[in-house]
Amino acid sequence: MRSIRRHIPQRTCVACRQVRPKRQLIRLVCSSNGNVAVDTGGERVGRGAYLCRAQECWDIGLGGGKLEHALRTTLALENREQLIRYGEEIREELVSG
Ligand SMILES: [Zn+2]
C-alpha cells in the first residue's frame, strides 16, 4: 500500500546534484544586469539556480563555478563575496539551531 501524498515541487542543487523539495533549497537568481542575488521569496524573475542550505554546496557552487555555469553568468568579485557571506550566515543559523 502506498499513501497518497501531496505533490511537492522538487529542485536540483547545482552543487551536489541532489533533488530536494524546493522549500529546502535556496534559490539564486541572475538579473538582467548580471547580478546574482538570493531570492528569498522564490518569485523573482530571471534565470534561477538552487543550492542546499549546506556550506559545502555553497563552496562547490561558488568556488567550483557550478553556479555560474548554471546561471550562464560570470560573478563579479564583489558579488561572489556577497554570496559566500550569505552561505556562511546560513551555516551559523544551522549551528545555533
Ligand atoms: Zn547541495
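These notebook entries record what I looked up in a predicted model of one chain.

**Entry 1: Overall layout**

I began with the secondary structure, which comes to 3 helices and 5 strands. Reading from the N terminus, I noted the order β-β-β-β-β-α-α-α. I then took the extent of the C-alpha atoms along the principal axes and recorded a box of roughly 55 × 35 × 25 Å. The chain has 97 residues, of which 32% count as buried. For the accessible surface I noted about 6900 Å², with 46% of that area belonging to carbon and sulfur atoms. I also looked up the contacts between residues at least 6 apart in sequence, and 46% of these join residues at least 24 apart.

**Entry 2: Salt bridges**

How many salt bridges does the structure hold? I recorded 2. As background, side chains of opposite charge can pair when their charged atoms come close.

I took the pair of Asp39 and Arg27 to start with, where the closest N and O atoms are 2.6 Å apart. Asp39 belongs to strand E4 (residues 36-39) and Arg27 to strand E3 (residues 25-30), so this salt bridge ties together parts that are 12 residues apart in sequence. Are these two residues buried or exposed? Asp39 counts as buried because its relative accessibility is 5%. Arg27 has 13% relative accessibility and therefore counts as buried.

I turned next to Glu68 and Arg80, whose side chains meet in a salt bridge with an N to O distance of 3.2 Å. This pair links distant parts of the chain, as Glu68 lies in helix H2 and Arg80 in helix H3, 12 residues apart. I noted a relative accessible area of 12% for Glu68, so Glu68 is buried. Arg80, in contrast, is partly exposed at 22%.

**Entry 3: Thr73 and the loop between H2 and H3**

I located Thr73 in the loop between H2 and H3. Thr73 counts as buried because its relative accessibility is 16%, and the cut-off for buried is under 20%. Which residues does Thr73 contact, leaving aside its neighbours within four places in sequence? I listed Cys30, Gly34, Val36 and Glu68. Among these, Glu68 is the residue that I had already recorded in a salt bridge with Arg80.

**Entry 4: Lys66**

I found Lys66 in helix H2, which covers residues 66-71. Its relative accessible area is 37%, so Lys66 is partly exposed. Setting aside residues up to four places away in sequence, I noted that Lys66 touches Val14, Ala15, Ile60 and Gly61. I checked the separation from Ala15 as well: Lys66 and Ala15 are 51 residues apart in sequence, while their C-alpha atoms are 6.3 Å apart in space.

**Entry 5: Charge on the surface**

Which residues gather in a patch of negative charge on the surface? I recorded Glu56, Asp59, Glu88, Glu89 and Glu92. Helix H1 (55-63) and helix H3 (77-96) each supply at least two residues of this patch, and H3 gives the most, with 3 residues. I looked up Glu88 individually and placed it in helix H3. Glu88 is partly exposed because its relative accessible area is 32%; the patch takes residues with over 30%.

I closed with the charges of the whole chain, which number 17 positive and 11 negative. The mean positions of the two sets are 13 Å apart.

How values were computed. Residues are numbered from 1 along each chain as its sequence is written. This is a predicted model: local features need pLDDT of at least 70, side-chain atom pairs count only at pLDDT 80 or more; totals for chains, interfaces and linings use all residues. Side-chain values use heavy atoms; hydrogens and water are left out. Patches are made of residues with over 30% relative accessible area and no salt bridge: like charges are joined within 9 Å, nonpolar side chains (Val, Leu, Ile, Met, Phe, Trp, Tyr) within 5 Å. Accessible areas come from the Shrake-Rupley method with a 1.4 Å probe; for residues, only the protein chains shown count as cover. A salt bridge is a side-chain nitrogen of Lys or Arg within 4 Å of a carboxyl oxygen of Asp or Glu. Lys and Arg count as positive and Asp and Glu as negative; His and the chain ends are not counted. The place of a charge is taken as NZ of Lys, CZ of Arg, CG of Asp or CD of Glu. Helices (H or I, at least four residues) and strands (E, at least two) are DSSP runs, numbered from the N terminus. Buried means under 20% relative accessible area, exposed over 50%, partly exposed in between (1.4 Å probe, protein chains only). Contact means heavy atoms within 4.5 Å.
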